[in-house]
Amino acid sequence: MTQDIKLTSFAAGGGCACKIPAGQLESAVEGLIGKADPNVLVGLDDGDDAAAVKIQDGLAVISTADFFTPMLNDPYDWGRVAAANALSDVYAMGGTPVTAINLVGWPNEKLGLDVLREVLRGGMDIATEAGISVTGGHSITAPEPLYGMAATGIVAPDKLMRNDAAEPGLPITLTKPIGVGILNNKHKATGEVSQAAVDSMTTLNREAARAAVEAGVRAATDVTGFGLLGHLYKLCRASGIAAELDFSAVPTIEGAKEALAEGFIPGGSRRNLDWVRPHLDTSLSEEELVLLADAQTSGGLLLIGEVPGYPVIGHTTERTGDAFIKA
């Protein structure tokens, strides 16, 4: 029975917490930036959420891929989270998804194909909710279970949101609470399910993206494996600005602070903090910083501008010193 399978036991890390650490990844891809196509609007230059390529006047294609190991024991919910996370990169750039294909790595000798079917069903249901079809896929055998999607979307170039377009003096908006990495870590250790975390991770960023585009937002990213601090740092660095965060205004998922106090901290969250710490000016406690650096899976949108219905957590500033973020 699929409900008896503890999927998280088959992976060393789970969800976006299994990403290669940001500093190591940037070192590996340094200088590998293709310049062959002048129609590329967003490529590898600033580590944005997806690629955007102009194909005709008034239309650009967004292309992205995202996959990871299970952060939940329920295969159907893992599939839903992975699909929502993959589509998030399209929404983070102000786009509309048009199709997706499955990406699968599967340990056939350890997990049955009935479990895989539930994962794929979860992904298909999220795609259906997004109004698109899953139109293909690719699978390999692998020592750990992997699932995600390559997604394609469209956007008008003048509506494109990107991580290098932020300006100083604007509010910073966050569209989902943080803390799912901590709660997922607790789930892996104890089996306890946080429904609030599952609900957050399976919520599409579609409505938030629409609201942001309507509000005229031009700079954005989504908050995933590098945590709120990591993704804000990348956005500030790409845009040549700084930011001030109001920790008291940052929303957290119910139970996350308690789980943090109990010691359920993903290794990816600690690595995120180590990476961004040299770029911080802060008086916050170590526990508060770990929460801000928590590795999110299918997190919300981080938007430079005020968007009705979502909390403002700080503002952008001119960069005058060594730090990119004051908190």
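Helix H6 covers residues 206-214, and its buried residues are Ala208, Ala209, Ala211, Ala212 and Val213. This is a predicted model. What do the buried residues of H6 pack against? They pack against helix H2 (75-92) and strand E11 (301-304). After H6 comes Gly216, with a positive phi near 85°.

**The seven-stranded sheet**

Strand E11 belongs to an open sheet of seven strands. The order is E8-E11-E7-E12-E9-E13-E10, and the pairing is mixed. Which strands form the edges? They are strand E8 (220-222) and strand E10 (280-281), and each pairs on one side only. Helix H2 packs on this sheet and touches E8 and E11. The direction of H2 makes about 175° with that of E8. Inside the sheet, strand E7 (residues 171-174) pairs with E12. The sense is antiparallel, over three bridges. One place to look is Ile172, whose bridge partner in E12 is Gly314.

**Three aspartates at one spot**

Helix H2 also holds Asp89. An unreviewed UniProt entry places the feature "binding site" at Asp49, Asp89 and Asp222. These residues span 174 residues in sequence, yet no two of their C-alpha atoms are more than 7.3 Å apart, so they gather at one spot.

Asp49 sits in the loop between strand E1 (40-42) and strand E2 (51-56). Is Asp49 buried or exposed? Its relative accessible area is 13%. The cut-off for buried is under 20%, so Asp49 counts as buried. Asp89 is buried too, with a relative accessible area of 6%.

Contacts link the three aspartates. Neighbours within four places in sequence are left aside here. Asp49 is then in contact with Thr64, Asp89, Ala92, Met93, Ala220, Thr221 and Asp222. On the same basis, Asp89 is in contact with Asp49, Ala50, Thr64, Asp66 and Asp222.

**The six-stranded sheet**

Strands E1 and E2 belong to another open sheet, one of six strands. Its order is E1-E2-E3-E6-E4-E5, with mixed pairing. Why is one side of E1 and of strand E5 (133-141) left without a neighbour in the sheet? Both stand at the edges and each has a single partner strand, so one side of each stays free of a neighbour. Neighbouring strands here are turned by 25° against each other on average, direction ignored.

Strand E3 (residues 59-68) pairs with strand E6 (residues 146-155). The pairing is antiparallel and runs over nine bridges. In E6, Gly148 is the bridge partner of Phe67.

Helix H3 lies across strand E4 (96-106), E5 and E6. H3 runs at about 170° to E4. Thr128 is in this helix, which covers residues 113-129. Thr128 is exposed, with a relative accessible area of 53%. Thr128 and Glu254 are 126 residues apart in sequence, and their C-alpha atoms are 28 Å apart in space.

**Aromatic rings**

A pair of aromatic rings is described by the distance of the centres and the angle of the planes. How many aromatic pairs does the model have? The count comes to five. Two of the pairs share Tyr233.

| Pair | Centre to centre | Angle between planes | Type |
|---|---|---|---|
| Tyr233 and Trp275 | 5.2 Å | 75° | edge-to-face |
| Tyr233 and Phe324 | 5.2 Å | 75° | edge-to-face |

Tyr233 and Trp275 link distant parts of the chain. Tyr233 is in helix H7 (residues 227-239), while Trp275 is in helix H9 (residues 267-276), 42 residues apart. Phe324 lies in the loop between strand E12 (312-317) and strand E13 (325-326), so its pair with Tyr233 ties together parts that are 91 residues apart in sequence.

Are these rings buried or exposed? Tyr233 counts as buried at 5% relative accessibility. Trp275 counts as buried at 16%. Phe324 counts as buried at 9%.

Which residues form the aromatic cluster? Phe226, Tyr233, Trp275 and Phe324 form one cluster. A charge joins the picture at Phe324: the charged end of Arg319 sits over the ring of Phe324, 3.8 Å from its centre.

Methods: Residues numbered from 1 in each chain as written. Predicted model: local features only at pLDDT ≥ 70, side-chain atom pairs only at ≥ 80, totals over all residues. Heavy atoms only, no water. Phe/Tyr/Trp six-rings, centres within 6.5 Å; stacked < 30°, edge-to-face > 60°. Helix = DSSP H or I, 4+ residues; strand = E, 2+ residues; numbered from the N terminus. Buried < 20%, exposed > 50% of the residue type's maximum accessible area, 1.4 Å probe, protein only. Lys NZ or Arg CZ within 6 Å of the ring centre and 35° of its normal. Contact = heavy atoms within 4.5 Å. Pairing = 2+ DSSP bridges. Axes fitted to C-alpha atoms, helices over the stretch in contact; angles between N-to-C directions. UniProt positions renumbered as here; feature names shortened; annotations may be inferred.
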